[in-house]
Amino acid sequence: MKPVSMRFTSEMEQAIKLIELIGSARDLAKLDMKGYKSRHPAADSVRTVHRAALEFASTPIAYDGVYLAVCARFELTVRELVERFVELVMTDVPSHNQLPPAIKDWHPKGTADIILRLREEQFRHLTVMSLVGNLASCLNSSASNPYKLTPEAYSYNDRNFRASEIDGLLAERLGLSKIWQKLARHPSLIAWSGASHYDTVENLCRQELNNCMERRNSIIHRGRGYYTPGASEVVECAKFY
């Protein structure tokens with residue numbers, strides 16, 4: 001779980017650096033380079049960036065793109081964490097009968113959903129035979145014939161990961177209830193919110209995530225009143241994730 005989390009943190013940091021880089025290029029474009037006579041090896045690159053920045057009139061497109069990428073990586077990471085959790089469960093709970101009821105009950109439901117979507121890109125590495133085989137392994141599993149769950153059956157989701165969606169997915173499929181109440185007690189979220197009461201931290205976190213998802217959707221399904229996110233909005237979203 002930790003490697004997935006650490007990689008995601010690094011990706012968000014890179015997104016923030018990209019926003020900073022765009023800002024630096026825009027600042028460079030404001031400078032008059034006519035008197036710039038440097039022969040330093042970096043001078044040619046500076047002039048190239050300056051010319052490109054002068055011609056770059058699509059900063060909104062750049063910010064839109066980074067915002068969408070940040071949200072996409074967040075949702076992918078949630079799915080990866082769910083799959084890793086299922087893999088750890090298979091290692092830590094050797095008997096299928098001892099699995100939490102939610103995990104046992106969801107496996108055939110999630111598998112059926114995937115079978116109907118096997119032509120989609122994200123499931124092309126799976127086959128009907130492997131999926132059915134995993135289901136069959138749960139019927140008469142033993143130490144010599146262990147059961148095998150399909151992690152993707154638990155992680156697949158066709159709706160945006162708003163706060164309630166994450167709450168419902170983890171509770172219904174994995175038996176992990178009240179996830180937001182637990183997250184609200186994490187020091188990093190308490191510090192982010194600036195609140196002193198857990199209920200307030202939870203509400204602020206839920207609201208912020210929902211706002212990020214709404215913004216994501218407004219970028220994709222924009223109307224006439226649409227306005228692009230600014231640099232600070234993209235950075236704030238990445239930091240929150």
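This short talk covers the cysteines, one surface patch, helix 5 and two loop residues of the structure above. The model is a predicted one, and every value I quote is computed from it.

I begin with the cysteines. How many disulfides are there? The count is zero. As a reminder, a disulfide is a covalent bond between the sulfur atoms of two cysteines. The cut-off applied here is a sulfur pair within 2.5 Å. For C205, the closest cysteine sulfur belongs to C212 and lies 11 Å away, so the pair is too far apart for a bond. For C237, the nearest cysteine sulfur is again that of C212, here at a distance of 3.5 Å. Because the rule asks for sulfur atoms within 2.5 Å, C237 is in no disulfide either. As for their surroundings, C205 is buried, with a relative accessibility of 1%, and C237 is buried, with a relative accessible area of 1%.

I turn next to the surface. Which residues form a nonpolar patch there? They are I115, V128 and V132, and together they present about 210 Å² of accessible area. Of these, I115 belongs to helix 4, which spans residues 101-115. The relative accessible area of I115 is 32%, so this residue counts as partly exposed, given that the partly exposed class lies between 20% and 50%.

Helix 4 also appears in the packing of helix 5, which covers residues 128-137. The buried residues of helix 5 are L131, N134 and S137. They lie on the same side of helix 5, because the arc they cover around the axis is only 125 degrees. What do these buried residues pack against? Their partner is helix 4.

Finally, I consider two residues in loops. H96 is located in the loop that joins helix 3, residues 59-92, to helix 4. Is H96 buried or exposed? With a relative accessible area of 11%, H96 is buried, since the threshold for that class is under 20%. Leaving aside residues up to four places away in sequence, H96 touches K104, C138, S141 and Y147.

S196 sits in another loop, between helix 9, residues 187-193, and helix 10, residues 198-220. Here the relative accessible area is 66%, and S196 is therefore classed as exposed, the limit being over 50%. Along the chain, S196 and R159 are 37 residues apart, and their C-alpha atoms are separated by 32 Å.

That concludes the presentation.

How values were computed. Residues numbered from 1 in each chain as written. Predicted model: local features only at pLDDT ≥ 70, side-chain atom pairs only at ≥ 80, totals over all residues. Heavy atoms only, no water. Buried < 20%, exposed > 50% of the residue type's maximum accessible area, 1.4 Å probe, protein only. Patch = residues over 30% accessible without salt bridge, like charges linked within 9 Å, V, L, I, M, F, W, Y side chains within 5 Å. Areas by Shrake-Rupley, 256 points an atom, 1.4 Å probe, with all protein chains shown as cover. Salt bridge = Lys/Arg side-chain N within 4 Å of Asp/Glu carboxyl O. Helix = DSSP H or I, 4+ residues; strand = E, 2+ residues; numbered from the N terminus. Arc of directions from axis to C-beta. Contact = heavy atoms within 4.5 Å.
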